[in-house]
Amino acid sequence: MGHPFPFSYEILLPGLPIFWHTFYLFGSRSEFTIFAPDNGRSRLELLQVLITGLGQGCLYGLIALGFVLIYKATEIVNFAQGDLLMMGAFFGVTFIGIMKLPFGLGLLTTLLAMAVFGYLLDKLIIRSMIGESQFSVIILTISIGFILRSVAGGIWGNDLLALETPYSGEMANIYGLMISQEYLVVIAGTIVLSLALFLFFRHSSLGIAMQAASQNQLAAYYMGIPVKRVFSLIWAISALVSGVAGTLMAPISLVSPEMGFIGIKAFAAAVIGGFGSLPGALIGGLIIGCSEQLAGSYLPPGFQKVTAYLIMFLVLTLRPQGLFTQIQQKKV
Amino acid sequence: MSGNILTLRNVETYYGPILAIKGISLDVPAGRIVTVLGANGAGKTTILKTLCGAMDPQKGKISFLGKEIQKTDPDKVARMGIAHVPEGREVFPLLTVQENLMMGAYGRKDKQGIKNDLDLVYTYFPILKERIKQKAGYLSGGQQQMLVLGRALMSRPRLMLLDEPSLGLSPLFVQDIFEIIRRLNQEQQMTMLLVEQNANMALKHGDYGYVLENGRIVMEDTCQNLMASEDIREFYMGIKDEGVRGKRRWKKRKTWR
């Protein structure tokens, strides 16, 4: 099965401005201001834009990681991934913002809650759909997304919430670069999490069993690996990663039930990465994050919103299997 | 040790709407190699799949070490001590040889025992030791078959189910594989249920044999007797004992259908 196109109306909305801007771009030359490095300040500015892009890209990458984890193991594309992020952000707001737990403890509680949530989601709902057609499973995940959104709206309200953290609002000054600390924390958090995941999948017995179960499900059963539980654990990890992304994102953008739509851009990131590779998902996220920020500062307004999809479109045309794929063929 | 470690009684399994095995009863005594012979579609693989829990039988009883195991999940059956070596060399292609082997020991806690078994596997399959770090997907077919056998050994099973270990291998490799199977049986007292199309090899190395046709057992005997049987020689080994006139008499021809 190829990669299903994301069913979203968000992808249609920015469509109009882009035509208008293309017209504008070629209509009058004065608007044509792509890359104009005149002075030393602009290089600094470029760096700043890139670092913001990296931070944003890390968020996309983390969500994409969640997509890929589940897809690789169970061949389910979980369209509720963005909404898992939203749940993570709300858990973060609840534990840190409302219950006033210390930040570290609150983060841990959030992650734990997300892992349990993901585990139960698979065990109670998704698993009952095993053996059904791919399409119904996709519809199921989409509807889970809808349900999560309205449940979150019911519990926490549809207003925008803010998450106060010890580091929010601060600017770090690195050699004259002014970078908001939120983005630095996002980047650091992503590095730590990816390292942890790498070590887990490379060296722990459970991690290798997860790889085994995703490569050859039946053989994994024959080896005594409890495949069903392993799949639920993969959902738990995926939800946990989304929870990290949600908590890290909460101080940057406000928390609302609609924030899960960022998942669509993360989906694009996963497609760019090849949808089967964990590092690919992260790098896909970084590519989208950076190019989005670049487009935001150097291209006419409106481009920022479509960059992710333009890149996905390009990658799908030029290299449909994605940038990083593990190609495997079975010997007969 | 004596007695049967595995018994099947009147097991019936459906493959979708098709009754693939129609009331099978067989016994596997401890420390023996029991073979099941049969043509394509006779139901050999279905028997193994039913045994290991990948398919559920409609009727009948399967007891392993005194416990009934029909309709148990395959991973639980595996942890009870049945190692299934499926046909077609189902390795984990992107894991290394060593990781593949360690997956066989998944669920075992005795570190020293696992290490000993790993060494044991490497003494039986020295070629695997040379390729510890290589990804299993890049091994040759014969090496993959050895890897799968070794992986099954790593769970220290009480019973090994071997599904066509000779499938798609060169005659030389087939000899090697059967040699190792025989040695495992003699040196490790490993009990095996061997399913084969290669009747010649299976009968040469097995102790007791069942002949399966259309989902039914039509003959059972010791492998020596089966080897001597005219029908087996003709139908499964392609050896014709020709009569005086160069043809078998029609009265002696046999079908079970």
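In this predicted model, helix α1 (residues 44-52) of chain B lies across five strands of chain B: β3, β6, β7, β8 (191-196) and β9. Relative to β7(B), helix α1(B) runs at about 145°. The strands beneath this description belong to an open sheet of 6 strands in chain B, ordered β6-β7-β8-β3-β9-β10. Pairing in that sheet is mixed. Its edge strands are β6(B) and β10(B) (216-222), each of which pairs on one side only. From one strand to the next, the twist averages 15°.

Within this sheet, strand β3 (residues 33-38) of chain B runs parallel to strand β9 (residues 208-213) of chain B. The two are joined by 5 bridges. T35(B) stands opposite G209(B) of β9(B).

Chain B also holds an open sheet of 4 strands, in the order β2-β1-β4-β5. Here the pairing is antiparallel. The edges are taken by β2(B) (18-29) and β5(B) (67-68). Each has a single partner strand, so one side of each is left without a neighbour in the sheet. Strand β1 (residues 4-15) of chain B pairs with strand β4 (residues 59-64) of chain B in the antiparallel sense, over 5 bridges. T7(B) has S63(B) as its bridge partner in β4(B).

Helix α6 (residues 141-153) of chain B has 13 residues. At 1.5 Å a residue the expected span is 18 Å, and the end C-alpha atoms are 19 Å apart, which agrees. Helix α6(B) is mostly covered, with 11 of its 13 residues buried. The buried set consists of Q143(B), Q144(B), Q145(B), M146(B), L147(B), V148(B), L149(B), G150(B), R151(B), A152(B) and L153(B). These residues pack against two strands, β6(B) (82-85) and β7(B) (159-163). They also pack against the helices α3(B) (97-104), α4(B) (111-124), α5(B) (126-130) and α7(B) (171-188). Strands β6(B) and β7(B) are also among those that α1(B) lies across.

Chain A has a secondary structure of 12 helices and 2 strands. Along the sequence its pattern is α-α-α-α-α-β-β-α-α-α-α-α-α-α. Of its 332 residues, 45% count as buried. Among contacts in chain A with a separation of 6 or more, 77% come from residues 24 or more positions apart.

Helix α10 (residues 262-273) of chain A has 12 residues. Its expected span, at 1.5 Å a residue, is 16 Å; the end C-alpha atoms lie 17 Å apart, which agrees. All 12 of the 12 residues of α10(A) are buried, so the helix is largely enclosed by the rest of the structure. Among these buried residues are I262(A), F267(A), V271(A) and I272(A). K265(A) is buried as well. After α10(A) comes G274(A), with a positive phi near 110°.

Further along chain A, L299(A) lies in the loop between α11(A) (278-298) and α12(A) (303-318). L299(A) has 18 C-beta neighbours inside 10 Å and therefore counts as partly exposed. The C-alpha atoms of L299(A) and I287(A) are 16 Å apart in space, for a separation of 12 residues in sequence.

A helix pair in chain A is formed by α7 (residues 205-215) and α9 (residues 227-249), whose axes come within 10 Å. The axes cross at roughly 110°, which makes α7(A) roughly perpendicular to α9(A). Helix α7(A) contributes A209(A), M210(A) and A213(A) to the contact, and α9(A) contributes V227(A), V230(A) and I234(A). By class, the contact has 6 nonpolar residues, no polar and no charged.

Helix α7(A) also takes part in the interface between the chains. There, 20 residues of chain A are in contact with 24 residues of chain B. On the side of chain A that touches chain B, α7(A) and α8(A) (217-222) each supply at least two residues. The largest share of that side, 6 residues, comes from α7(A). The side of chain A that touches chain B has 11 nonpolar, 7 polar and 2 charged residues.

Methods. Residues numbered from 1 in each chain as written. Chains lettered and ligands numbered in written order. Predicted model: local features only at pLDDT ≥ 70, side-chain atom pairs only at ≥ 80, totals over all residues. Axes fitted to C-alpha atoms, helices over the stretch in contact; angles between N-to-C directions. Parallel < 35°, antiparallel > 145°, perpendicular 65-115°, else oblique. Contact = placed C-beta atoms within 7 Å. Nonpolar A, V, L, I, M, F, W, Y, C, P; charged D, E, K, R; others polar. Expected span 1.5 Å × (residues − 1). Buried ≥ 20, exposed ≤ 12 C-beta atoms within 10 Å, placed from the backbone. Pairing = 2+ DSSP bridges.
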